[in-house]
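Hi everyone, thanks for making time this morning. I'd like to walk you through a structure, so let's get it up on the screen.

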Amino acid sequence: MSKLRIGTAGIPASTSLRSSQAGIQRLAELGLGCMELEFVRSIQMKEPTALDVKKVAEGTDIELTVHAPYYVNLNSKEPEKVTASKERILKAARIGRVAGANSVTFHASFYHDDDHNIVYERTKKQLIEIRTILNDEGNTIDLRPETTGSPTQFGTVSEIVQLGVEIPGVYPCVDFSHLHARSNGAFNTYEEFCQVLTQIQENLGKSAIQRLHMHVSGIDYGVKGEKKHLPLQESDMAYEALLQALIDFNVGGWLICESPELENDALLLQRAYQRLLEKE
Ligand SMILES: [Zn+2]
């Protein structure tokens with residue numbers, strides 16, 4: 001049985017002190033298993049803090065992932081924006097590594113009006129460069145482009161999986177709520193969740209399923225995709241069907257809850273997951 005850890009996107013709301021270390025300790029008190037370091041606006045964490053975060057995470061058995069800044073577009077028309085995007089991913093990967101994080105995820109590109117195959121090739125080229133730099137630095141953190149929440153953003157399951165096929169050290173981050181939103185309501189049944197997992201397993205092997213980085217939240221959406229995140233129980237997200245699919249595929253890794261009800265929904269997910277496991 002692979003170990004699936006469930007946790008929060010950032011510091012739990014009920015943490016008294018707003019620090020990553022306190023957040024990790026709070027997650028351990030709650031009995032959750034992982035936390036995503038949210039560098040989504042900027043990366044303020046410095047090396048001494050990251051080293052301390054690593055110590056606290058190891059001491060409490062909380063595993064870490066990283067979300068790189070939102071301001072990333074590897075398909076920008078402006079070369080300096082592409083360079084800045086790469087720097088942001090690198091910076092997140094570097095400080096994440098110091099903090100002992102396993103994986104760094106990011107929204108790779110926007111399509112603009114470009115042919116999707118061209119966007120794929122451009123994104124791939126940049127990711128190869130980022131991976132090569134990290135490898136040269138001895139940084140083995142997983143690089144994980146994410147499935148995105150809007151049809152204007154690069155990041156279908158096929159695109160993300162194919163990058164993993166073509167670039168060693170690149171793997172998918174599957175945001176199930178984004179898939180649901182970008183398709184305006186699909187990707188929300190047991191069968192559809194199983195299709196996503198099958199696609200990953202068939203292309204990237206069982207190991208990719210046993211170590212998977214995932215996001216989930218309730219989500220409001222329309223024809224343009226994601227509008228905003230919602231508490232799970234105020235949304236139509238079929239999270240129990242998702243958890244059942246994760247159990248049936250023996251999925252391990254990190255399931256990060258991005259709901260506004262951060263740790264409450266992470267606990268809701270964890271309880272439902274345990275209940276479904278016990279039924280097996
Ligand atoms: Zn994201």
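Let's begin with the zinc ion, keeping in mind that this is a predicted model. Its protein donors are NE2 of H67, NE2 of H107, and E146, which appears twice through OE atoms, with distances of 2.2 to 2.6 Å. What is the geometry of the site? With four donor atoms and angles among them of 53 to 145°, the site of the zinc ion is irregular. For those of you who like to scan sequences, the donors follow the spacing H-x39-H-x38-E along the chain.

Now look at where two of these residues come from. H67 belongs to strand 3, residues 63–67, while E146 sits in the loop between strand 5 (142–145) and helix 5 (157–166). The two are 79 residues apart, so this pair links distant parts of the chain. Are they buried or exposed? H67 has 1% relative accessibility, and because the cut-off for buried is under 20%, H67 counts as buried. E146 also comes out at 1%, so E146 counts as buried too.

Let's move on to the nonpolar cores. The largest one has 78 residues, and the members touching the most others are F176 and L246. Which helix gives the most to this core? That would be helix 10, residues 262–279, with seven residues.

If you zoom in on F176 and set aside neighbours within four places in sequence, you'll find F193, V196, L197, M214, H215, M237, L242 and L246 in contact with F176. Apart from this core lies another, of five residues, including A9, W254, I256 and L262.

Methods. Residues are numbered from 1 along each chain as its sequence is written. This is a predicted model: local features need pLDDT of at least 70, side-chain atom pairs count only at pLDDT 80 or more; totals for chains, interfaces and linings use all residues. Side-chain values use heavy atoms; hydrogens and water are left out. A nonpolar core is a set of buried Ala, Val, Leu, Ile, Met, Phe, Trp, Tyr and Cys residues joined through side-chain atoms within 4.5 Å. Buried means under 20% relative accessible area, exposed over 50%, partly exposed in between (1.4 Å probe, protein chains only). Helices (H or I, at least four residues) and strands (E, at least two) are DSSP runs, numbered from the N terminus. Contact means heavy atoms within 4.5 Å. Donors are N, O and S atoms within 2.8 Å of the metal (3.2 Å for Na, K and Ca); water is not among the atoms, so sites may look incomplete. Four donors count as tetrahedral if all angles lie between 85 and 135 degrees; four count as square planar and six as octahedral if opposite donors are over 155 degrees apart and all others between 65 and 115; anything else is irregular.
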